[in-house]
Amino acid sequence: MEQRGCEARRARRRCVGCVLAVLLWSVASAQLRYSISEEVNEGTMVGNIAKDLGLDKSTLKDRKYRIVSTAIEPLFRVDQNDGILYVSQKIDREEVCERSSLCLINLKTVLENPLEVHYVGVEVLDINDHSPSFPEKEKTLEISESVLPGVRIPLKASRDPDGGPFSVQQYKLSPNDHFRLEVKDKGEDGKIPVLIVQKSLDRESAGSHSLVLTAVDGGKPPKSGEMNILVNVLDVNDNAPVFSKDVYSMMLDENVPVGTTVIQVNATDLDDGPNGEVIYSFSNSVSHRLLNLFDINPSTGEIIVKGLIDYEEKEKYEIEIQASDKGLAPLETQKSVIIKIVDVNDNAPEIEVTSFSSSIPEDSRPGTTVALISVNDLDSGLNGKVICSIGEDVPFALSPSLQENMYSLVTKSPLDREIQSHYIITVVAKDAGHPSLSSEKTISVVVSDVNDNSPEFSLSPYTFYVTEANEPGTSVFSVKAFDRDENDNALVSYHILRDGSKENKVTSFLNINSETGDILALKSFDFETLKTFQFQVVATDSGTPSLSSNVTVNVFILDQNDNAPVILYPVSSNGSAEGVEEIPRNVNAGHLVTKVRAYDADIGYNGWLLFSLQEVTDHSLFGLDRYTGQIRTLRSFTETDEAEHKLVILVKDNGNVSLSATATVVVKVVEPKEAFAASDVKSATKDEEENNVTFYLMITLGSVSTLFLISIIVLIAMQCSKTTDYTSKYLQETKYDGTLCHSIQYRSGDKRYMLVGPRMSIGSTIVPGSHANTLVLPDRRGTSGERSEQM
């Protein structure tokens with residue numbers, strides 16, 4: 001049974017090998033591609049081939065839909081009833097695709113009547129199902145106590161069948177005082193741990209050291225493997241073997257027979273007896289792949305070919321060998337042997353570049369010689385007749401020389417480094433034999449730069465938005481120019497164009513970093529003073545002669561909320577935002593008490609002001625319009641209401657960090673007659689305090705005030721001669737601008753009039769006979785008597 005199992009596994013490996021071989025030619029024609037993880041259970045669904053290919057499920061069985069495979073134990077099977085591809089056995093990716101970064105298995109499916117062939121590719125994805133393992137669980141090292149710190153001891157690498165990130169990623173050494181670990185990355189051969197002595201050993205103090213070397217892969221969570229290292233400290237053997245050459249390098253033809261001697265290394269030891277006898281071996285860092293290709297004679301130092309050497313597989317091998325003596329504490333010396341594999345090709349033409357200019361200026365004229373090329377073929381006759389050529393897609397040509405098999409590589413058209421700076425020219429030499437043999441040689445020509453391009457700005461013009469109140473001395477914006485040349489010809493420096501004009505004086509407050517193009521403001525910008533300005537920046541390269549270009553920079557200053565609201569009214573004589581308003585006790589709800597006026601130098605939301613009552617003695621009595629600042633009564637006054645009310649109004653803007661100011665309005669409630677007199681006195685006082693602000697208003701309203709005063713005198717005279725109801729009210733006006741006004745209603749004959757005007761200063765007069773501010777009201781009372789009301 002065990003033998004049959006082994007035969008089955010070998011057959012399966014042969015099958016897998018065949019499948020992988022088919023991959024090389026069939027992957028390009030695969031119609032479908034699926035992916036599964038390795039180690040999935042048998043019967044796991046891979047994909048619905050029939051659905052994906054658009055096949056009729058009902059015909060699959062009659063058309064004998066199947067997978068064509070020569071394997072004894074195929075990895076996959078297809079169900080003829082529904083066309084679904086299943087896993088027929090557990091797949092070990094490391095067995096199927098050993099050390100391959102991509103594991104792709106191509107399947108060939110066949111339908112009969114009519115015959116159809118479809119290719120399906122299944123990619124087996126790796127999982128972290130293996131832990132790193134060392135070839136030896138325990139390693140014993142014998143190190144002489146005389147070794148100096150820094151001695152390197154290569155260790156055998158841990159192997160992890162998983163690939164990619166699940167392979168061994170790092171090594172760890174248990175903490176100790178005498179040794180440290182270094183990891184040498186050998187590329188395809190993986191990471192090799194190297195044990196390094198970092199502190200002198202003393203056999204008398206410690207005869208051995210126990211270390212634990214741990215290999216960790218890159219899985220999540222990671223898996224690890226350990227190797228116990230026992231270091232035995234031996235007594236002094238003071239001469240290590242010395243190789244006869246510093247470097248061993250040789251050429252080896254590919255396909256040489258097994259057993260061919262590659263090179264013989266030689267090392268001598270000045271010690272006598274066993275301490276001077278040298279034995280050769282491969283270093284522990286040598287990979288299993290190299291051990292399968294080469295062997296070394298421990299006595300003679302001959303390196304012998306052990307396996308098939310293939311140039312196409314690898315062109316060069318570097319083998320670490322070591323020579324050790326037979327002392328009680330053997331000393332070892334490592335040396336690298338470089339074996340370069342020579343490709344075998346029967347007398348193909350040889351191309352030799354005898355003179356070559358690797359760099360040519362881009363302003364070179366057509367016909368400039370770049371290289372001299374000679375070709376040679378060891379064959380004779382037609383087999384030795386060589387024709388040399390290059391591609392047509394390069395601005396170069398081969399010019400034949402008078403001497404046979406000599407050519408000059410010359411330019412045939414102008415060059416431009418900015419379009420293409422590097423040319424790889426392939427020279428093809430082909431003989432006239434049957435069949436002909438050919439060879440190629442590539443020449444790398446670099447087009448050197450000439451300063452023929454001016455700097456180019458990334459934008460033109462630049463537009464920047466800078467917030468006001470910026471910190472002086474800091475970068476506010478930057479410009480960038482690029483030069484398509486290279487080296488010094490592309491090294492760009494910047495400066496601001498300063499022409500001394502009045503319009504360009506703002507540039508005196510700007511500075512530019514000549515290397516980076518960062519522009520610094522030497523002072524803070526103020527939006528209220530400067531909203532926009534323009535200047536020019538010049539970019540100059542460092543070529544000879546230098547080239548330059550300039551760009552216009554438009555700068556717009558953005559407003560910040562840096563101005564607090566300013567109270568315009570009320571303002572007291574000492575400059576504080578305080579005012580006193582007197583109103584009659586008999587006013588109705590909605591009566592306009594006063595209007596708080598404020599101003600903010602900012603714009604937009606930063607200058608949009610909102611009003612709110614921060615402090616009020618009676619919230620039920622007064623209301624404030626949050627947008628206009630108008631203060632109105634919410635209800636009529638009662639006998640129990642206080643005679644004086646203090647209102648603190650908060651005015652704030654709508655900036656992100658709002659600024660605010662407060663105004664205080666003291667409202668005094670007086671009896672109607674007192675309100676009228678006090679209103680006149682207060683108006684006169686206010687007119688005098690705000691004389692500078694309202695001078696132009698007083699000129700406009702002078703005549704109206706005079707007429708209004710005359711009307712009051714006439715009304716008082718009429719009241720003195722009659723016993724009528726007398727009330728005083730303020731005019732209620734919803735869209736009024738906040739200035740308190742007076743209105744007087746009176747009756748003359750069968751008509752009722754309302755006289756409207758501003759508060760009158762003491763001493764104002766009314767011109768008789770004027771009705772400019774008089775409204776005729778509908779008569780709501782009888783025709784008997786006259787009644788006057790003051791609001």
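**Notebook: sheet, core residue and surface patch**

I began with an open sheet of 4 strands, which runs in the order β25-β31-β30-β27 with mixed pairing. I noted its edge strands as β25 (359-361) and β27 (386-389), each of which pairs on one side only. I then looked up the angle between neighbouring strands of this sheet and found an average turn of 30° against each other, with direction ignored. I record here that the model is a predicted one.

**Entry: the β27 edge**

I asked in which sense β27 and β30 pair, parallel or antiparallel. The two strands pair in the antiparallel sense, over 4 bridges, and β30 covers residues 422-431. I followed one residue across this pairing: Ile 387 has Lys 430 in β30 as its bridge partner. As a reminder to myself, strands of a sheet pair through backbone hydrogen bonds, either parallel or antiparallel.

**Entry: the chain as a whole**

I counted 6 helices and 53 strands in the chain. The chain has 791 residues, of which 43% count as buried. I also looked at contacts between residues at least 6 apart in sequence, and 67% of these join residues at least 24 apart. For the accessible surface of the chain I noted about 42,300 Å², with 51% of that area belonging to carbon and sulfur atoms.

**Entry: Val 537**

I next turned to Val 537, which I located in strand β39 (residues 532-541). Is Val 537 buried or exposed? Val 537 counts as buried because its relative accessible area is 0%, and the cut-off for buried is under 20%. I listed its contacts, leaving aside neighbours within four places in sequence. Among them are Phe 457, Val 479, Tyr 494, His 495, Ile 512 and Ile 519. The list also includes Ser 549, Asn 550, Val 551 and Val 553. I checked one separation as well: Val 537 and Tyr 462 are 75 residues apart in sequence, and their C-alpha atoms are 10.0 Å apart in space.

**Entry: Tyr 465 and a surface patch**

I then examined Tyr 465, which lies in strand β33 (residues 462-467). Tyr 465 counts as exposed because its relative accessible area is 54%, and the cut-off for exposed is over 50%. Which residues make the nonpolar surface patch of about 290 Å²? I found that Tyr 465 makes this patch together with Phe 556 and Leu 558.

**Closing note**

I set the two residues side by side: Val 537 in the model is buried, whereas Tyr 465 is exposed.

Terms used
Residues numbered from 1 in each chain as written. Predicted model: local features only at pLDDT ≥ 70, side-chain atom pairs only at ≥ 80, totals over all residues. Heavy atoms only, no water. Patch = residues over 30% accessible without salt bridge, like charges linked within 9 Å, V, L, I, M, F, W, Y side chains within 5 Å. Areas by Shrake-Rupley, 256 points an atom, 1.4 Å probe, with all protein chains shown as cover. Salt bridge = Lys/Arg side-chain N within 4 Å of Asp/Glu carboxyl O. Buried < 20%, exposed > 50% of the residue type's maximum accessible area, 1.4 Å probe, protein only. Contact = heavy atoms within 4.5 Å. Pairing = 2+ DSSP bridges. Axes fitted to C-alpha atoms, helices over the stretch in contact; angles between N-to-C directions.
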